[in-house]
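Trainee: Please take one part of this predicted model and go through it closely. I would like the nonpolar core and the aromatic residues around it, with enough of the rest to place them.

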Amino acid sequence: MARDAIFPAGRHALYEKHGYSAAVRSGDLLFVSGQVGSREDGSPVPDFKGQVEQAFENLRAVLAAAGGTLDDIVDVTTFHTDPERQFDAVLEVKNRVFPDKPYPAWTAIGVNWLAGFDFEIKVVARIA
């Protein structure tokens, strides 16, 4: 099956620096690489909640570049450097982004390193 790389406009700094695609489409599935709270130049947003909000904005941009929306997400994996302290802020943003059922499947993982970031979100979406 053919696959196509997806890149949102103006958000290439980290993809080019580290050599990966923002997302890859395979059929009607879109596999989105982990999105972090990076500004266009690749630097992190300084505060944690700002990183979470920016990561979701970056996710929206990748989905839009592929012709999708947050409603197309079926599976979410998030990575947290300090889950116990960070989870309330993540849930606040998550509840704004996904206010209604059915919610996507979600797995949260605590990690000790995210290349200078404190939160990362990767998803699988089905885009017809």
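**The core and its aromatic rings**

Mentor: The largest nonpolar core has 25 residues, and F56, L59 and I73 touch the most other members. Five elements each supply at least two residues of this core: β3 (29-36), α2, β4, α3 (83-97) and β6. Helix α2 gives the most, with 7 residues.

Before going further into the core, here is the setting. The protein has 3 helices and 6 strands, and their order along the sequence is β-α-β-β-α-β-α-β-β. Of its 128 residues, 41% count as buried. Among contacts with a separation of 6 or more, 70% are between residues 24 or more positions apart. The protein exposes about 7,000 Å², and carbon and sulfur atoms supply 50% of that area.

As this is a predicted model, confidence has to be considered. The mean pLDDT is 90, with 88% of the residues at 70 or more. Strand β4 (residues 73-80) has the highest confidence, at a mean of 98, whereas helix α1 (residues 13-18) has the lowest, at 67. Where pLDDT is low, the predicted coordinates should not be read in detail.

Now take F56. Leaving out residues up to four places away in sequence, F56 touches V93, V97, F98, W106, F119 and I121. One of these, F98, also forms an aromatic pair with F56.

The count of aromatic pairs comes to 4. In the pair of F56 and F98, the ring centres are 6.4 Å apart and the planes meet at 70 degrees, an edge-to-face arrangement. Since F56 lies in helix α2 and F98 in the loop between α3 and β5 (105-110), this pair ties together parts that are 42 residues apart in sequence. Both F56 and F98 are buried. F98 also pairs with W106, again edge-to-face, at 6.0 Å centre to centre and 90 degrees between the planes.

The two partners in that second pair differ in exposure. F98 counts as buried because its relative accessibility is 8%, under the 20% cut-off. W106, at 26%, counts as partly exposed. Taken together, ring pairs link F48, F56, F98, W106 and F119 into a cluster.

The loop between α3 and β5 that holds F98 is also where P102 is found. A cis peptide bond joins K101 to P102, with omega about 0 degrees.

Helix α2 (residues 48-65) also contains K49. K49 counts as partly exposed because its relative accessibility is 29%. Beyond residues up to four places away in sequence, K49 touches E92, V93 and R96. V93 is also among the residues that F56 touches. The C-alpha atoms of K49 and D88 are separated by 9.7 Å, with their positions 39 residues apart along the chain.

Turn next to the strands. T78 is in strand β4, and it counts as buried because its relative accessibility is 0%. A polar contact of 2.7 Å joins the side chain of T78 to that of H80. With residues up to four places away in sequence not counted, T78 touches W106, T107, A108, I109, F119, E120 and I121. W106, F119 and I121 are also touched by F56.

V123 belongs to strand β6 (residues 119-126). Its relative accessibility is 2%, so V123 counts as buried. Neighbours within four places in sequence aside, V123 is in contact with L30, F31, V32, L59, I73, D75 and V76. L59 and I73 in that list are two of the residues that touch the most other members of the core. V123 and D75 are 48 residues apart along the chain, and their C-alpha atoms are separated by 5.5 Å.

One last backbone detail is in the loop between β5 and β6, where A115 is placed. A115 has a positive phi of about 55 degrees although it is not a glycine. With a relative accessible area of 43%, A115 is partly exposed.

Definitions and conventions: Residues are numbered from 1 along each chain as its sequence is written. This is a predicted model: local features need pLDDT of at least 70, side-chain atom pairs count only at pLDDT 80 or more; totals for chains, interfaces and linings use all residues. Side-chain values use heavy atoms; hydrogens and water are left out. Helices (H or I, at least four residues) and strands (E, at least two) are DSSP runs, numbered from the N terminus. Buried means under 20% relative accessible area, exposed over 50%, partly exposed in between (1.4 Å probe, protein chains only). Contact means heavy atoms within 4.5 Å. Accessible areas come from the Shrake-Rupley method with a 1.4 Å probe; for residues, only the protein chains shown count as cover. pLDDT is the predictor's confidence in each residue, from 0 to 100. A polar contact is a pair of N or O atoms within 3.5 Å; within protein, one must be able to donate a hydrogen and the other to accept it, and residues adjacent in sequence count only if both atoms are side-chain atoms. A nonpolar core is a set of buried Ala, Val, Leu, Ile, Met, Phe, Trp, Tyr and Cys residues joined through side-chain atoms within 4.5 Å. Rings of Phe, Tyr and Trp (its six-membered ring) pair if their centres lie within 6.5 Å; planes under 30 degrees apart count as stacked, over 60 as edge-to-face and the rest as tilted.
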